[in-house]
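Welcome! Take a moment to look over the chain below, and then work through the exercises with us.

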Amino acid sequence: MNHMTYLMRDQVRDLIPSLGVADLPGKKSRDLKRLRPVLEIGAFILAVLSYIIALSLMA
């Protein structure tokens, strides 16, 4: 991964603050652990698409 990819990943984690939470009590914690990869990948794809759209608008 290059530097821009790491920056986008950090922006995604800022966008979805629950991704940084290690442990939540009860069933929510288990549900969040199951959904975390899906949410992170979806948010990352959204960040990449918005970056591509921003580049295309600049041209």
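Four short exercises with worked solutions follow.

This is a predicted model, in which local features need pLDDT of at least 70, side-chain atom pairs count only at pLDDT 80 or more, and totals for chains, interfaces and linings use all residues. Residues are numbered from 1 along each chain as its sequence is written, and side-chain values use heavy atoms, with hydrogens and water left out.

**Exercise 1.** Find how many helices and strands the chain has.

Solution. Start with the DSSP runs, numbered from the N terminus: helices are H or I runs of at least four residues, and strands are E runs of at least two. The chain has two helices and zero strands. Next, turn to burial, where buried means under 20% relative accessible area, exposed over 50%, and partly exposed in between (1.4 Å probe, protein chains only). Of the 59 residues in the chain, 17% are buried.

**Exercise 2.** Work out whether A47 is buried or exposed, and which residues it touches.

Solution. First, locate A47 in helix α2. Its relative accessible area is 14%, so A47 is buried. Then look for contacts (heavy atoms within 4.5 Å). Leaving aside residues up to four places away in sequence, A47 touches M8 and V12. Finally, check the C-alpha atoms: those of A47 and M8 are separated by 6.5 Å, although the two residues lie 39 apart along the chain.

**Exercise 3.** Identify the residues that form the salt bridge.

Solution. Search for a side-chain nitrogen of Lys or Arg within 4 Å of a carboxyl oxygen of Asp or Glu. The structure holds one such salt bridge. It pairs E40 with R36, whose closest N and O atoms are 3.9 Å apart. Because E40 and R36 are four residues apart in helix α2, about one helical turn separates them. With a relative accessible area of 32%, R36 is partly exposed.

**Exercise 4.** Find which elements give two or more residues to the nonpolar patch.

Solution. Begin with the members: M4, L7, I41, I45, L49, Y51, I52, L55 and M58 make a nonpolar surface patch of about 860 Å². The elements giving two or more residues to the patch are α1 (3-15) and α2 (27-58). Helix α2 supplies the largest share, seven residues. One patch member, I45, has its place in α2, and its 44% relative accessibility makes I45 partly exposed. For reference, patches are made of residues with over 30% relative accessible area and no salt bridge, with like charges joined within 9 Å and nonpolar side chains (Val, Leu, Ile, Met, Phe, Trp, Tyr) within 5 Å.

Definitions and conventions. Accessible areas come from the Shrake-Rupley method with a 1.4 Å probe; for residues, only the protein chains shown count as cover.
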